[in-house]
Amino acid sequence: MTTLIAMMMGTHTAQAQIEVELDPADQAVLRQMQMESEIDSIVMEINRSAGLISEMSEKKEAAADTSSQRILLFGDSMLDGIGRRMQDYADHNGHSLYTSIWYGSTVHSWARTTELERLMEKVKPTFVIISLGTNDLGYHDLQARAQSVHEILRVVGDVPYVWIGPAKLPRLNKDFGIVGMLRENVGDNLFYDSYNMRLARFPDNVHPTFAASATWIDRVAEWMTRPGAPHAIRMDKPDHQAKFRNYETHSPRYKGTPKGGQACR
């Protein structure tokens, strides 16, 4: 074995000379050690390559579109609070925000009128955030409302979007299937389920306080930029409050221009 060790420390030529002097048992040990060394080198190379691939995958997965976006945020009166916090995010991250609040609106309101077409044409958004469903809670006509959801998404078209689902109403403790219908038709990856969030409310016991709405949107922003998010944009948490600049507001009495004479409810 002393001869074996000396051979391993020598040059290749010396190895060849000494290997002749080894007995068969030592030669077998040498071959085994050389094989293990080669295997170790291969394993190290595989691990190095796998590490590079993993690193590239993580970078790709975590990558978000950091360009400035033209964000259209439309929906019901929940936008009074949601819009304020979203304005903070827009200003902090270099986006332009266009908020359209239609008080009392449902999915039918937006699907059965030309309001959304008008906004899409006027704003030309690169990203759309929808906040609808609060005023649909309590209704049972799931199929009809599913059709309205599909119509809304048809008008949004190829523009990346997310849908913020409704939070539970304290005075209406039962959901008759609206949230599930929204999730099913919007898609899990694009639908933020807010239903079980506990939010402080204004005295009307319906609308979350501005502070609660800020917390709501902070969670939405984290979800929008999670690993694997299909439409991640820059949404770093803001360190200051911006002035809310609402684009347009419609009262509950507003009817819009109907499509094909369909009534909204």
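Visitor: What volume does the largest cavity have?

Guide: In this predicted model, the largest cavity has a volume of about 50 Å³.

Visitor: What makes it count under the rule of 30 Å³ or more?

Guide: The cut-off is 30 Å³, and the largest cavity has about 50 Å³. The count by this rule comes to one cavity.

Visitor: Why is this space called a cavity and not a pocket?

Guide: A cavity is a set of points where a 1.4 Å probe fits but cannot get out, whereas a pocket is an open set; the name cavity therefore states that the probe cannot leave.

Visitor: Which residues line the largest cavity?

Guide: Among them are Phe127, Tyr161, Val162, Trp223, Met224 and Arg226. Strand 4 (161–164) and helix 9 (210–224) each supply at least two residues of this lining.

Visitor: What makes Arg226 charged and His231 polar in the lining?

Guide: Arg is listed with Asp, Glu and Lys as charged, and His is in neither the nonpolar nor the charged list, so His231 counts as polar. The lining of the largest cavity divides into nine nonpolar, two polar and one charged.

Visitor: Which elements give two or more residues to the lining of the second largest pocket?

Guide: The second largest pocket has a volume of about 150 Å³. Helix 4 (79–93) and helix 9 are the elements that give two or more residues to its lining, and helix 4 gives the most, with four residues.

Visitor: Why is Gly81 of that lining called polar?

Guide: Gly81 lines the second largest pocket, and Gly81 is polar because the class of polar residues includes Gly. By class, this lining has four nonpolar, two polar and three charged residues.

Methods. Residues are numbered from 1 along each chain as its sequence is written. This is a predicted model: local features need pLDDT of at least 70, side-chain atom pairs count only at pLDDT 80 or more; totals for chains, interfaces and linings use all residues. Side-chain values use heavy atoms; hydrogens and water are left out. On a 1 Å grid over the protein atoms alone, a cavity is a set of points where a 1.4 Å probe fits but cannot get out, and a pocket is an open set with protein on both sides within 12 Å along at least five of seven lines; lining residues have an atom within 4 Å of a point. Grid points are joined across faces, edges and corners, and a volume is the space filled by probe spheres set on the points.
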